[in-house]
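The exercises that follow invite a reader new to this structure to work through it step by step. Please keep the sequence and the model in view while you read each solution.

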Amino acid sequence: MSDEEKTSGSSLYRGPSGDKRDKRERTRDREQGRGPEGQGRTYLNERPARPRDDAYASPRPQREYQARAPSSNYESYSDADESSAPRAARELRLYGVNACLASFAKRPEALRKVYLLEARIPQFKAVLAHCVQNKLGYRVVEEQDLAKLTGSAHHEGICFDVLPAAEENLSNWLQKLPAGPCIAIWLDGVGNPHNLGAIMRSAAHFGVAAVLLPKEHGIGISGAAARVAEGGAEQVSIVRLGRSDNSLAQLKSAGFQTVATVVRGGISLYKSKLPTRMVLVMGAEQMGVDKELSALANLQIGIPGSGHVESLNVSAATAVLLSEWSRQQTQ
């Protein structure tokens with residue numbers, strides 16, 4: 001049957017109907033992968049490499065541990081490009097033994113991926129078994145790989161990719177609070193993640209109900225903050241505030257009194273009767289609590305000292321204040 005007698009239409013081997021093409025043109029089209037109307041067509045041997053799901057660029061074949069139970073035979077992988085590869089904003093990279101164990105104990109469903117040194121395998125057997133059961137990836141990596149993944153030399157041999165815990169709004173948090181003694185920490189301008197982590201650790205130790213963060217300030221739980229918190233970040237709620245005046249009014253209606261810390265001019269902590277339901281307002285290292293916010297507080301206090309230094313680090317000061325509040329509640 002001639003070309004004219006075949007069904008009309010285009011194909012890979014001929015152009016549109018009525019366009020006669022010789023054998024040389026058809027051969028050229030096949031070699032170049034060109035389809036109808038001059039559009040390119042990709043063949044299997046010309047197909048670009050399928051994007052890898054982990055953005056690794058190691059020359060060795062990469063392998064996800066997803067289908068077998070943990071054993072003593074593990075391989076190490078180079079993750080040199082992982083730290084610079086874009087990750088979904090909704091994921092948080094945790095590191096540090098206590099931070100990772102606390103996250104898994106509190107929110108195992110949030111775990112997405114695990115990277116660890118071979119020496120950490122026995123300590124994290126339950127985590128690896130969870131990965132196998134839920135088809136989550138995990139990798140045994142080298143020390144330098146973890147340093148690149150976490151951006152820190154203090155990774156302690158373990159790193160998790162997790163979904164971060166949801167922040168609460170003030171109204172919902174207040175509705176769930178029981179009556180009785182309660183303390184929360186309002187951080188005004190504190191931006192250092194290590195300070196935040198140390199504050200979260202003290203907050204967990206003394207049973208703080210929540211850390212309140214201003215709406216306009218971008219600080220939140222990060223990998224560095226969670227590591228310094230040593231598991232405390234999973235025990236204390238993060239509440240994101242709205243406007244300061246509205247937040248103060250809501251807290252007052254819930255029976256809270258605000259106590260602002262000042263370097264000079266405040267009442268000595270040890271001569272103060274601290275409120276049973278208290279919001280402790282802590283300021284940034286250099287600037288302290290905002291003057292307008294401090295003026296609206298029910299009480300302004302300071303921590304007396306030798307005078308050899310102007311003040312304590314904000315995380316150290318927070319621990320001292322929380323300790324005194326806790327002591328007064330037991331009297």
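Contact, as the word is used in these exercises, means heavy atoms within 4.5 Å. The model is a predicted one.

**Exercise 1. Describe the protein as a whole, beginning with its contacts and ending with its surface.**

Step 1. Among contacts between residues at least 6 apart in sequence, 74% join residues at least 24 apart.

Step 2. The secondary structure consists of 10 helices and 12 strands.

Step 3. Of the 331 residues in the protein, 42% are buried, while the accessible surface comes to about 18,300 Å², with 49% of that surface belonging to carbon and sulfur atoms.

**Exercise 2. Find the nonpolar cores, and then follow the contacts of Val114.**

Step 1. The largest nonpolar core has 51 residues, and those with the most contacts inside it are Leu111, Val114, Phe160 and Leu187.

Step 2. Helix α10 gives the most to this core, contributing five residues.

Step 3. A second core, which is separate and has 20 residues, includes Leu212, Leu241, Phe256 and Ala297.

Step 4. When neighbours within four places in sequence are left aside, Val114 is in contact with Val127, Leu128, Cys131, Gly137, Tyr138, Arg139, Ile158, Cys159 and Phe160.

**Exercise 3. State which residues of helix α2 are buried, and what covers them.**

Step 1. Helix α2 runs over residues 97-106, and its buried residues are Val97, Ala99, Cys100, Ala102, Ser103 and Phe104.

Step 2. The cover over these buried residues includes the strands β1 (92-95), β2 (111-116) and β4 (158-162), together with the helices α3 (125-133) and α7 (223-229).

**Exercise 4. Decide whether Thr261 is buried or exposed, and describe its surroundings.**

Step 1. Thr261 belongs to strand β9, which covers residues 257-261.

Step 2. The relative accessible area of Thr261 is 16%, and the cut-off for a buried residue is under 20%, so Thr261 counts as buried.

Step 3. Not counting residues up to four places away in sequence, Thr261 touches Leu280, Val281, Met282, Gly283, Val289, Ile301 and Leu321.

Step 4. For one of these residues there is a further detail, since a polar atom of the Thr261 side chain lies 3.1 Å from the backbone oxygen of Val281.

**Exercise 5. Place Ala147 and Glu156, and then set Glu230 beside them.**

Step 1. Ala147 lies in helix α4, residues 143-150, and it is partly exposed because its relative accessibility is 28%.

Step 2. Leaving aside neighbours within four places in sequence, Ala147 is in contact with Ser152 and His155; from Ala147 to Gly157 there are 10 residues in sequence and 9.0 Å in space, taken from C-alpha to C-alpha.

Step 3. Glu156 is found in the loop between α4 and β4, where it has a positive phi of about 65° although it is not a glycine, and its relative accessibility of 30% makes it partly exposed.

Step 4. Glu230 lies in the loop between α7 and β8 (237-240); it is not a glycine, yet its phi is positive at about 55°, and with a relative accessible area of 28% Glu230 is partly exposed.

**Exercise 6. Locate a nonpolar patch on the surface, and examine Ile303 within it.**

Step 1. Tyr270, Ile303 and Leu312 make a nonpolar surface patch of about 270 Å².

Step 2. Ile303 is situated in the loop between β12 (299-302) and α10 (314-329), and Ile303 counts as partly exposed because its relative accessibility is 31%.

Note on methods: Residues are numbered from 1 along each chain as its sequence is written. This is a predicted model: local features need pLDDT of at least 70, side-chain atom pairs count only at pLDDT 80 or more; totals for chains, interfaces and linings use all residues. Side-chain values use heavy atoms; hydrogens and water are left out. Buried means under 20% relative accessible area, exposed over 50%, partly exposed in between (1.4 Å probe, protein chains only). Helices (H or I, at least four residues) and strands (E, at least two) are DSSP runs, numbered from the N terminus. Patches are made of residues with over 30% relative accessible area and no salt bridge: like charges are joined within 9 Å, nonpolar side chains (Val, Leu, Ile, Met, Phe, Trp, Tyr) within 5 Å. Accessible areas come from the Shrake-Rupley method with a 1.4 Å probe; for residues, only the protein chains shown count as cover. A salt bridge is a side-chain nitrogen of Lys or Arg within 4 Å of a carboxyl oxygen of Asp or Glu. A polar contact is a pair of N or O atoms within 3.5 Å; within protein, one must be able to donate a hydrogen and the other to accept it, and residues adjacent in sequence count only if both atoms are side-chain atoms. A nonpolar core is a set of buried Ala, Val, Leu, Ile, Met, Phe, Trp, Tyr and Cys residues joined through side-chain atoms within 4.5 Å.
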